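Visitor: I would like to learn how to read the ligand sites and the internal spaces of a model such as this one. Could we go through them in turn?

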Amino acid sequence: MKYTIKNICCIGAGYVGGPTMSVIASKCPNINVNVVDINKEKIKSWNDLNLENLPIYEPGLKEIINKCRGKNLFFSSDIETNISSADMIFISVNTPTKKKGLGAGEASDLKWVEASARQVAKFASGHTIVVEKSTLPVKTAEVIMNILEASQPVGEFKKKSFDVLSNPEFLSEGSAIQDLENPNRVLIGGENINAILALSNIYMKWVPKNKILHTNIWSSELAKLTANAFLAQRISSINSIGVLCEATGADVREVARAIGTDNRIGSKFLDAGPGFGGSCFKKDILNLVYLSKYFGLPEVANFWESVVTLNNWHQHRISNLIVKKLFGTITGKKICILGFAFKANTNDTRESAAISICKDLLDEGAFLSIHDPKVSSKQIEIDLNSAPLSTSTDSLEILNLNIVESSWYFADNIIDSIEGADAIVVLTEWPEYSSLDWGKIARSVRNPCCVFDARSILKKEDVIKSGLNFWKIGDGSKSKK
Ligand code: NAD
Ligand code: UGA
């Protein structure tokens, strides 16, 4: 039986649900797309008339919201009604690492997925295609199907029926709209070809047919975890080589260029940095580690675990290095942090390297001024679990005297944040940091001041010419001051 999709419901209005459904709505004007969430504040922000107040920042997102919201794209807290009218339901809820119980620290916590499946089981009507959009451990589709099936009355005529498909999302934050509009591939795993075709037909409105891959459901679930594990592995690999470069006089950018021209290796994802962040790499690898252990494969588990271990070590390495370069103590010293998001073009800070590096520096007694063009002071306060100092004009004067220990303030102006600093640390590759006036900066810092470029975006010659000390990730060449 062929299925026609007129109403979509997406459970979860987060970084994936919001942008993905916005793009589907914009490409499929004949389908009604309803995005629901238990978080009423978030839904309120998605409906805010001021598009600057959307809950997430993604280039190109507000234009799509402006075009589709209220026409065929709706954000709502009415989960029941929207599930019951949907022909297709995307589950796009969070799947963080479990904090307690069996598999704590490794396995994914599926309580939000389970709750979504129960909501679907309760409120769905007729035939519903349930699509796993969240990243899930292999075999989760079986759990979802069990929950859906258990909602059917035993021995009576079944009023509801379901198909479960896996359709993992591969978008990257900061380029989500671009990735959704022009994906490398769309992956659909499932058993019922009619359900698979119903979902393929939606994507075929804008994605070429040869980019839509069909697999069995377990391959699809596992392919998502594998893709993230391979990407993260490349970053740990290049960061490990960067450390060797620093020790030997090589330059990691030159090494990356040399190996990246081999088309078996490729040039992407070879930028050394402060360590990968983001909500998914770590949790998805740990999930793979858990699965490997569960299936009795300790060697496989150890291999993937080492990618995370290297990343954790690397982040602490950077904070230790800052302390060492500042003569072994940073108590009361002012360190200016440029960038708190886990990468540029997003306001997301989940697992950002900046969190662990700033925590380490605060533990060592530093006084931090933190700047980020998109991350709010409130978010940094939550991440650091520490309230900022006030930055009224009077107190700024005191703050710049380098006498405040283990504390931080939010700087909404780059130049003010640098004033009186003993060190400047670039942690996110925001474009505005690459064109700073180093001559001017050198006159407002406290000398000797050291600039740490953990993203390799500054012009070394400019910084050195201004008289500041300079350290760049993976740069072992001797021309440093
Ligand atoms: P998120 O935390 O931004 O959003 C999830 C939303 O689901 C939250 O707003 C939460 O309130 C809502 N929610 C949870 N349980 C609910 C329920 N029972 N009913 C209604 N709403 C509910 O998470 P995210 O970053 O969008 O990630 C979602 C999934 O997509 C995860 O599995 C993640 O691994 C995967 N993924 C994320 C990205 C990314 O770039 N963030 C990319 C690809 C895949
Ligand atoms: C990543 C994947 O790229 C997406 O395909 C996937 O859908 C997503 O995870 C997910 O499942 O959540 P994302 O985390 O948004 O996307 O961003 P990336 O561009 O992959 O960057 C991740 C981290 O690696 C960032 O901290 C980034 O700065 C770092 N990175 C990336 C490097 O240090 N070097 C690089 O060369 C590339």
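Visitor: How many residues surround ligand 1, and which are the closest?

Guide: Before the count, a word on conventions: this is a predicted model, in which local features need pLDDT of at least 70 and side-chain atom pairs count only at pLDDT 80 or more, while totals for chains, interfaces and linings use all residues. Residues are numbered from 1 along each chain as its sequence is written, chains are lettered from A and ligands numbered from 1 in the order in which they are written, and side-chain values use heavy atoms, with hydrogens and water left out. A residue is taken as near a molecule if one of its heavy atoms lies within 4 Å of it. Here 27 residues surround ligand 1, and the closest are Asp 37, Lys 42, Thr 95, Glu 173 and Lys 283.

Visitor: Which side chains have N or O atoms paired with oxygen or nitrogen atoms of ligand 1?

Guide: A polar contact with a ligand is a pair of N or O atoms within 3.5 Å. Among such pairs, a polar side-chain atom of Lys 42 lies 2.7 Å from an oxygen atom of ligand 1, and a side-chain N or O atom of Lys 283 is 2.6 Å from an oxygen atom of the ligand. A side-chain N or O atom of Glu 173 is 2.8 Å from a nitrogen atom of ligand 1. By accessible area (Shrake-Rupley method, 1.4 Å probe), ligand 1 taken alone exposes 830 Å², of which the protein buries 92%.

Visitor: Where does ligand 1 lie with respect to the domains, and why?

Guide: Domain bounds come from an automatic or database domain assignment. Because domain 1 (7-215) and domain 2 (248-481) both give residues to the shell around ligand 1, the ligand lies between them. Among secondary-structure elements, where helices are DSSP runs of H or I with at least four residues, numbered from the N terminus, α5 (residues 111-123) gives the most to this shell, with three residues.

Visitor: What surrounds ligand 2?

Guide: Ligand 2 is surrounded by 19 residues, the closest being Phe 170, Leu 171, Glu 173, Cys 280 and Arg 455. A backbone N or O atom of Phe 170 lies 2.8 Å from an oxygen atom of ligand 2, a polar side-chain atom of Ser 172 lies 3.1 Å from an oxygen atom of the ligand, and a side-chain N or O atom of Lys 343 is 2.8 Å from an oxygen atom of ligand 2. Taken alone, ligand 2 exposes 700 Å², and the protein buries 90% of that. Helix α9 (residues 217-248) gives the most to the shell, with four residues. Ligand 2 lies between domain 1 (7-215) and domain 2 (248-481), because both give residues to its shell.

Visitor: How many cavities of 30 Å³ or more does the structure hold?

Guide: On a 1 Å grid over the protein atoms alone, a cavity is a set of points where a 1.4 Å probe fits but cannot get out, and lining residues have an atom within 4 Å of a point. The structure holds one cavity of 30 Å³ or more, and about 40 Å³ of space lies in the largest cavity, where a volume is the space filled by probe spheres set on points joined across faces, edges and corners. Its lining includes Glu 132, Ser 134 and Lys 224, and α9 gives the most to that lining, with three residues.

Conventions:
A polar contact is a pair of N or O atoms within 3.5 Å; within protein, one must be able to donate a hydrogen and the other to accept it, and residues adjacent in sequence count only if both atoms are side-chain atoms. Helices (H or I, at least four residues) and strands (E, at least two) are DSSP runs, numbered from the N terminus. On a 1 Å grid over the protein atoms alone, a cavity is a set of points where a 1.4 Å probe fits but cannot get out, and a pocket is an open set with protein on both sides within 12 Å along at least five of seven lines; lining residues have an atom within 4 Å of a point.
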